[in-house]
Amino acid sequence: MFFYLIRRIAYGIPIALAVGFVCFMLVQIAPGDPINAIVPPDAPGDVVEQVRRDYGLDKPLPVQFGLWLLKVVQGDLGRSLASGRPVWSDLSSAIGNTLMLATCASLLGFILGCLLGGLAGTFRGSWIDRAAVTLAVGGVSVPHYWLGMVMVVIFSVQLNWLPAMGAGPGGSADWAWDWEHIKHLVLPTVTLCVIPMGIVTRTVRGIVAEIMNQEFVTALRGKGLTRGGVFLHVVKNAAPTALAVMGLQLGYLMGGSILVETVFSWPGTGLLLNNAIFQRDLPVLQGTILVLAMFFVILNLLVDLMQTALDPRIKRG
Amino acid sequence: MANSATTPSAAEAELAVQARQAAESSTGYWAGVWKRVRRDPVTIFCASILLLMLLAIVFAPLIAPHDPYQGSMLRRLRAIGTPNYVLGTDELGRDMLTRLLYGGRLSWFMGITPVALAFVIGTVLGVLAGYTGGKTNMAIMRVTDVFYAFPSVLLAVAISGALGAGIMNAILALTLVFIPPIIRVAETVTTGVRNLDFVDAARASGANAFTIVRVHVLGNVLGPIFVYATSLISVSMILASGLSFLGLGTKPPEPEWGLMLNTLRTAIYVQPWVAVLPGACIFITSICFNLVSDGLRQAMDVKG
């Protein structure tokens, strides 16, 4: 296990470097001179040249990448073109909001998915099974940004139960665990949870059905174990895979919540990205994507390690 | 041996019989697939809906009641069921039914093209990696790993966000998103086929690598890769319209479902049910593609 840990981390380093390289290249593939990502378009010519030298943009690409990487490792993601503030200052508050939304959504999706998938797998072929499968297909096929709009139409416009926008009363971005704030969290969470719900349902249904068909379950039943006792054994066998799927879903939601955040004006990384795209603010775009991708890389690593630790059948060394 | 050119030897006759049997069994396979699909009402139903949609958007100029670009400030945001405007009008007074019909053209094009391109490129690279193995495999698969380190939505947004708005940029971004998963599937199935006896036999009989790949490998791996690719169309439709929704794909006044959804967002307090119509179109298309892909997978007996 220890050697596996070391090896897995060592394997993650080149991946992280390559992810950094892809993010670095984002500014390079953007049409126009990358210098435009640093200075405003109306800057005088000699200032542009000065900045070009200061940033090392007159050097060859690999050197530029090295210089950029050195800054990033020190936490310097550059400055926003639109606001002039360091990218990290905007990003740090947005990340918290996105993380909270994604965590709530993947937890809800995980609970619903386990319930539906477990029931469907246990009672295969019944109406419960068919309903769960239909819900799962619907969950992965629905354009979630549209689902968000439908939610707003039903619960905000028609029923006037829940707020349609923002993360708190009066558009405040500071979070607090009171009802006024939680009300803002409900619609985005429910909207975002349908994807992990669909995927977890499918996964759990498959595993449970497979486990129920195995001989050890028949043996347990033959031994006279109660339904609850058998259930415990099924959970023990299904948990590692289900948890791994949920862990990855959390990562996907972190990166994929951009559309839902746009619909609900949720003050997270998605809204930040959306504004950056709108204003062609490349440093913000690059920094946000780099941080989200790094989060995904680390999450992948943790999921892998957790699965190895939880499931004694996986021997990696 | 002089007459071997005219009278086939026993071994050649045996080979001919085998070839004929193989040909018959392969038509038998597709007949079997079709028979299984025919007995699957869900797949048939969804495929019919998709076919109807395809016909409707192809013949949009013939069936659309109005001009998709011609609006009027006098009839903005009419409700569903308004005479002459069955599905209402949008925020600029353009007929919704007409714009949905025309919008389907771009939405379908932008949803399917990336998967088709990724299918071709991903299959070539994946089969190459799987068949050659060794260093080529290493190189291709490690680059694939890097793209796997990005959540797909994020990668699509990142690339098209950097390239800027535009249909071609969105298609390029989505193609790049779908190539890595197709490479992985292609590599896995090719590796599985490569070590089977008939490939060894073909190699021993002196067939060159190109022939082996063309005849023996592709024939066995294209099916599973194709089924996998069809399952991506649903995601691709959602993402393509999603990029337009963010303002990264099509530009106004072009009709496209995602973009229509975006521009109608401000109208949800006035005509909520008109505003959500384009999204319903995306949903129906996406779920139908998903279910047809599931049906195909079962009918073709592809695992995974």
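# Exercises on helices and contacts in a two-chain model

Val199(B) lies in helix α8 (residues 197-204) of chain B, where helices (H or I, at least four residues) and strands (E, at least two) are DSSP runs numbered from the N terminus. The model is predicted, so local features need pLDDT of at least 70 and side-chain atom pairs count only at pLDDT 80 or more, while totals for chains, interfaces and linings use all residues. Residues are numbered from 1 along each chain as its sequence is written, and chains are lettered from A and ligands numbered from 1 in the order in which they are written.

**Exercise 1.** Determine how Val199(B) counts in terms of burial, and list its contacts beyond its neighbours within four places in sequence.

*Solution.* Begin with the cut-offs: a residue is buried if 20 or more other C-beta atoms (placed from the backbone) lie within 10 Å of its own, exposed if 12 or fewer, and partly exposed in between. Val199(B) has 19 C-beta neighbours inside 10 Å and therefore counts as partly exposed. Next, take two residues to be in contact if their C-beta atoms, placed from the backbone, lie within 7 Å. Once neighbours within four places in sequence are left aside, Val199(B) is in contact with Val193(B), Arg194(B), Ile212(B), His216(B) and Val217(B).

**Exercise 2.** Describe the make-up of chain B and of its side that touches chain A.

*Solution.* Start with the chain, which has 12 helices and 0 strands; of its 304 residues, 42% count as buried. Then turn to the contact between the chains, which takes 35 residues from chain B and 40 residues from chain A. On the side of chain B, at least two residues each are supplied by α5 (134-148), α6 (152-163), α9 (209-245), α11 (272-275) and α12 (277-299). Finally, sort the residues of that side into 24 nonpolar, 9 polar and 2 charged, given that Ala, Val, Leu, Ile, Met, Phe, Trp, Tyr, Cys and Pro count as nonpolar, Asp, Glu, Lys and Arg as charged, and the others, Gly among them, as polar.

**Exercise 3.** Explain why helix α8 (residues 215-222) of chain A is said to lie largely in the open, and identify the residue with positive phi that follows α8(A).

*Solution.* Count the buried residues: of the 8 residues of α8(A) the number buried is 0, so this helix lies largely in the open. Then move past the end of α8(A), which is followed by Gly224(A), a residue whose phi is positive, near 100°.
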